Amino acid sequence: MRFINFINKLDKRWIYLVLALCIIIPFLFPIGFPMKTTAPVKSIYDFIEDSIPEGGVVLIGADYDPSTMAELHPMAKVIATHALSNNLRVLFVTLYPQGAGMAQDVIENVLREWNNSNPDNQKELGKDITLLAYVPGVSAVVLKMGEDIIETFNEDGYGNKLSDLEVMKEIKNYNDIDLMVELAGSAVVLTWLIYANGRYGLNVGIGTTAVSAAEYYSYLQSKQAIGMLGGLKGAAEYENLLSKKGVYWGRKDATVGMDAQSSAHIFFIILIVLGNIAYFVSKKQKGGR
Amino acid sequence: MFIRRTLPLLVSAIFGVALIFQFFIPHPASKSFYNMMLDWLIIVSAFTYLIAVQSTVELHITKIKRKVEGWQYSIIVLVSLFVTALLGIFGGAFMPTTLWMKIFHNVKPTDTTPLMYTYLYMQMPMQSTIFSLLAFYMASAAFRSFRARSFDATLLLITAGIVTIGRVPLGEFIYKGLPDVVEWILKYPNMAAQRGILIGVQLGIIATSIKIILGIERKYLGGGK
């Protein structure tokens, strides 16, 4: 009985404290639970690995901001690195003003890590990777890219003329893009699926937050999306696949975060169970009212 | 009346119908019309930012003038808005501008721009912090509100519990088949419900679009009925 009273009167600040510890401790002492690779993650990996010839183009949509970067930033890094490791060209695009900063951060990090660990195969901004300039209009931009990418943006995010860049060589429209992976925690994903895939037949992969992942299973089943990275776990699974291939890209942000997420999820379940026990015992005491 | 009501209705009707026909006409002239429409749409979208800035500035100036509660924060909003815009315009987005390098001689083209600096070291930590607080509210809500009060709530509780544990490696460690159970939940019951919702939403969008083209739906013009 004392336990039930304790549960019912528990100050929420204790919950906050335990949750904070659940998140911080695994970062300091990582456990590294093994992870199974799910089919939607494997299909994006396999597509980049087997279906795109050397010199092919991967377009990455960075339509997220710092609020969801914990889940989506590791995806952007790992997909860009995977593409570079297969000597593919990488274009970042954003339909969201804040996404430009995210993409720039990924490009800078990926290039630095890649060039530090691969002195014999250096990658360059403008030659192997770039960020297309931000253009407002969302669906209009996606549709216009299907007609002419260079005409849509004119410049890259750094002010260089796209027509002068080696990374843009022989790229006219979606027919010259092998894969587009859209990273977003919002409905922008649908814009790419409906317009770029639906109208122009572009191969689209999805990288989204764990809470949004459930929305896109219909598109996986209908094959409108070739695969999906759902939340931090999706990113961690991809990191594992790339590690097995022997590619290095710096800190494995998603894998490191998975231990913290595991303990936080277990803590949530414990809280729900405790809350329900207290609820049913209290209800019984009050005569089932 | 003509400018505010009739003209926008005519523009919507003409261009709505024209773009529907354009989709089915594979002629170069039709293609060029389509490309022109896309360019116009992009230009109009750019102007919406000006309206957003004007609206934000007006709202906060009114708050400051009337000294409503928390008006001091409005000053911070306006200062941040203009300082960030000026840093972007004169300092460059991702590469320092020539003007910026002329003013500050020690700045190199590879240096982080002031705009990117504010993004990386101010906006990024602030926004991430605010969003991460959500985990604490969720923990508290899970403890206080997530109760098996009815059959529906119990079903939701059990499913959420399985998905929550199954989506992390620890769940797989506890029971190896748990990720497959989660995939099944997401692939079948979840997808069936999502698809139903999606079809409903898309039918609604088609119906609303037709109503806008025909001038039946006029709420987007503002001013009530």
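Two residues are in contact if their C-beta atoms, placed from the backbone, lie within 7 Å. The model is predicted: local features need pLDDT of at least 70, side-chain atom pairs count only at pLDDT 80 or more, and totals for chains, interfaces and linings use all residues. Residues are numbered from 1 along each chain as its sequence is written, while chains are lettered from A and ligands numbered from 1 in the order in which they are written.

**Exercise 1. Describe the contact between the chains.**

How many residues does each chain bring to the contact?

Step 1. Chain A brings 50 residues and chain B brings 47 residues.

Step 2. Look at the side of chain A that touches chain B. The elements giving two or more residues to it are α2, α4, α5, α6 (139-147), α10 (217-221), α11 (231-245) and α12 of chain A. Helices (H or I, at least four residues) and strands (E, at least two) are DSSP runs, numbered from the N terminus.

Step 3. Find the main contributor. On this side, α12(A) gives the most, with 14 residues.

Step 4. Sort this side by residue type. There are 27 nonpolar, 15 polar and 8 charged residues. Here Ala, Val, Leu, Ile, Met, Phe, Trp, Tyr, Cys and Pro count as nonpolar, Asp, Glu, Lys and Arg as charged, and the others, Gly among them, as polar.

**Exercise 2. Give an overview of chain A.**

Step 1. Count the elements. Chain A has 12 helices and 6 strands.

Step 2. Take its dimensions. Along the principal axes, its C-alpha atoms fill a box of roughly 75 × 40 × 30 Å.

Step 3. Check burial. Of its 289 residues, 51% count as buried. A residue is buried if 20 or more other C-beta atoms lie within 10 Å of its own, exposed if 12 or fewer, and partly exposed in between; C-beta atoms are placed from the backbone.

Step 4. Check the range of contacts. Among contacts in chain A with a separation of 6 or more, 73% join residues 24 or more positions apart.

**Exercise 3. Trace the strands around β1 and β2 of chain A.**

Step 1. Start with β1(A). This strand is largely enclosed by the rest of the structure, because 7 of its 7 residues are buried. A:V57, A:L59, A:G61 and A:D63 lie on one side, with A:V58, A:I60 and A:A62 on the other.

Step 2. Find the neighbours of β1(A). Two strands pair if DSSP finds at least two bridges between them. β1 (residues 57-63) runs parallel to β2(A), joined by 5 bridges. A:I60 has A:F92 as its bridge partner in β2(A). The chain gets from β1(A) to β2(A) through helix α4 (residues 69-85), in a right-handed β-α-β crossover. Right-handed means that, with the strands pointing away from the viewer, the path from the first strand over the helix to the second runs clockwise. β1(A) also runs parallel to β4 (residues 179-184) of chain A, through 6 bridges. There, A:V58 stands opposite A:L179.

Step 3. Move to β2(A). All 5 of the 5 residues of this strand (residues 89-93) are buried. β2(A) pairs in the parallel sense with β3 (residues 129-131) over 3 bridges. A:F92 has A:L131 as its bridge partner in β3(A). β2(A), α5(A) and β3(A) form a right-handed β-α-β unit.

**Exercise 4. Compare burial at A:K223 and β6(A).**

Is A:K223 buried or exposed?

Step 1. Place A:K223. This residue sits in the loop between α10 and β6 (225-230) of chain A.

Step 2. Count its neighbours. A:K223 is exposed because it has 8 C-beta neighbours inside 10 Å.

Step 3. Turn to β6(A). This strand is largely enclosed, because 6 of its 6 residues are buried. It pairs in the parallel sense with β5 (residues 204-208) over 4 bridges.

**Exercise 5. Examine helices of chain B.**

Step 1. Take α5(B). Its 31 residues (114-144) should span 45 Å at 1.5 Å a residue, and its end C-alpha atoms are 45 Å apart, which agrees. The expected span is 1.5 Å times one less than the number of residues.

Step 2. Look for a bend. α5(B) bends by about 35° at B:Q123, and the proline B:P125 follows within four residues. The bend is the angle between axes fitted to the seven residues ending there and the seven starting there.

Step 3. Find what is covered. Buried residues of α5(B) include B:P114, B:M124 and B:F143. Their cover includes α12 (253-285) of chain A and α3 (71-91) of chain B.

Step 4. Turn to α1(B). Of its 23 residues, the count of buried ones is 0.
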